[in-house]
Structures are given as C-alpha cells and as structure tokens.
Amino acid sequence: MRILFIGDVVSMAGCQFIREHLPGLRKSWELDFVIANGENSADGNGITPKSADHLLDSGIDCLTTGNHVFRRREVYPYLEREEAVIRPANYNENTPGRGYTVLEKGKYRVFVFNLMGTVYMQPLANPFLTADEVLRHNDCPVSLLDFHAEATGEKAALAHYLDGRVTAVLGTHTHVPTADACILPKGTGFISDAGMTGPENSILGIRPDIAITKMRDNLPVRFEYAQTPIRMDCVLLDIDYSMGKLTKIEHLCVQ
C-alpha cells in the first residue's frame, strides 16, 4: 500500500499545481491514497469550499487543516457536511467539523486524524490526551496523524508518545521541510514537517519584499503570495497493510 502526504497547500496557485501534476503522479507512483494539508489553500489565507473542492476534484482523498481553518466563515457549514475535510480534533467540540475520518477504497481502510500543537500556538486541549481519546474510535489497520504544530520538540514528543500506536505522524505548519524522516523504534513513521506546496522563491509562500518590510519596520502590511514557480513538498509512505506497519518513509519535492 502506498500513501502520499502533501505539505501545506498555499494559494490557488498551489491548488492548480496539484491539479496539473497529481493525476500523473497517482499513476506513476501507484498511489492508493493522497492526503494534503489544505488550511492555506484559499487566496488570502484559510480554506474555502471552492479551494477544498478544487483539491478534492484534483485527486486528493482527504484534506487536513490547522490554525487557519476557521479564518473564512463560509467554510463552517462545509466542514459539517464534508467528511473528507477535517480540522484539528483538539478544538472545542462545539466548533464546526470533525477531527478524524476514515478513507475506504477496496480492501483498504485508513484512519486519518488531525491535531494542533499548543507550544507557541493557541491554547487548545492537550494534544497528547486528545490523541488518546481520538484513537479509541480507530478500528483501521492503518492510521495517520497530521500534527499541525510550531515546535519541533512537541512534534517529536507526540510522535514518540504514539510510536507503535499509529502508522505515521506527519508534521505540518512551518512550511519548511525537515530532514528527519524516519521510522521510530516501534514502527511509527515520523517527519517534523512535510513542507509546503507553494511559491519556491518566497518567505513561507509570501513575497520576500513584503515579509522583509514587516520584520524590518514592525508595521502592518498586506501579505501577497509570491508569483514564482511552485514546488510541491510531499512524503511518500510505503505500508504493509496486512501488518499495519510502515516499511518506508521518504520526503520528496516535485517541481
């Protein structure tokens, strides 16, 4: 079994890159499922029904999100009805949407859940305890977590906490791919951050001159996405489905 996880999709330019390249990759890489973080997929930040549908129609089976998921109010009812788009499970239970979903195709069933870190981020429910609660709902051989967090240490700690209990813990949020893809001692795959699908010559997707102005002058600016060639950071997972065990994890970049 082979699953592709795509790092944070930035803007409709990132969405369009996926539409142009993913069908061919699904065939050539023999992908069974494709999951992507879509919380920045809408122009102007956040996720909208339009950007989510664009990605799902392009061949993505599930979209995870993060701290920008509720930035656009038009997505609230969409999150309630679309089971393929999930938000971090450690948000308050009264917030729209759900924190996990099950992907099914033929004999394959995959449990996907989403959590957000609390170090340098919003004071949500404890992700460790929330993971314990969410996993009580899992009866699938394969389970994947998108852990949307700032601190590398928090990501690594949760991955080790879940080692042997989930198939992979895949970090998102920083938009910068890390070089620590590995299989932990009890068999769980881990990478601190999968990276992003967005403008290559940019500051996390933003035009460099705008990001520099904000940091240099400490004054409000209007962010604009860089208009440069797109790169797609992703993580390829090879899994022994009968055992529910990861056999290989590899970070890749498509340009």
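Trainee: How many of the 5 residues of strand S1 (residues 2-6) are buried?
Mentor: This is a predicted model: local features need pLDDT of at least 70, side-chain atom pairs count only at pLDDT 80 or more, and totals for chains, interfaces and linings use all residues. Residues are numbered from 1 along each chain as its sequence is written, and side-chain values use heavy atoms, with hydrogens and water left out. Strands (E, at least two residues) and helices (H or I, at least four) are DSSP runs, numbered from the N terminus, and buried means under 20% relative accessible area, exposed over 50%, partly exposed in between (1.4 Å probe, protein chains only). S1 is mostly covered, and its buried residues number 4.

Trainee: Which residue in strand S12 (residues 230-240) stands opposite phenylalanine 5?
Mentor: Two strands pair if DSSP finds at least two bridges between them. S1 and S12 have 5 bridges and pair in the antiparallel sense. Opposite phenylalanine 5 in S12 stands valine 235.

Trainee: Which residue in S3 is the bridge partner of leucine 4?
Mentor: S1 also pairs with S3, in the parallel sense, over 4 bridges. There, leucine 4 is matched with valine 34.

Trainee: Is asparagine 37 buried or exposed?
Mentor: Asparagine 37 lies in strand S3 (residues 33-37). Its relative accessibility is 0%, so asparagine 37 counts as buried.

Trainee: Which side chain makes a polar contact with the side chain of asparagine 37?
Mentor: A polar contact is a pair of N or O atoms within 3.5 Å; within protein, one must be able to donate a hydrogen and the other to accept it, and residues adjacent in sequence count only if both atoms are side-chain atoms. A polar atom of the asparagine 37 side chain lies 3.2 Å from the backbone nitrogen of glutamate 39. The side-chain partner, at 2.9 Å, is aspartate 146.

Trainee: What distance do the end C-alpha atoms of helix H1 (residues 11-28) span?
Mentor: The expected span is 1.5 Å times one less than the number of residues. For the 18 residues of H1 that rule gives 26 Å, which agrees with the model, where the end C-alpha atoms are apart by 26 Å.

Trainee: At which residue does H1 bend?
Mentor: The bend is the angle between axes fitted to the seven residues ending at a residue and the seven starting there. In H1 this angle is about 40°, and proline 23 follows within four residues of the bend site, histidine 21.

Trainee: Which residue caps the N-terminal end of H1?
Mentor: The buried residues of H1 include Ser11, Phe17 and Leu22. At the N-terminal end, a side-chain oxygen lies 3.2 Å from the backbone nitrogen of alanine 13, and it belongs to serine 11.

Trainee: Which backbone oxygen lies 2.8 Å from the side chain of asparagine 90?
Mentor: Asparagine 90 sits in the loop between helix H3 (76-81) and strand S5 (100-105). It is buried, with a relative accessible area of 2%. The oxygen 2.8 Å from a polar atom of its side chain belongs to methionine 116.

Trainee: What separates the C-alpha atoms of asparagine 90 and threonine 130?
Mentor: These residues are 40 apart along the chain. Their C-alpha atoms are separated by 6.0 Å.

Trainee: Which strands are the edges of the sheet with the order S5-S6-S7-S8-S10-S9?
Mentor: This open sheet has 6 strands with mixed pairing. An edge strand pairs on one side only, as do S5 and S9.
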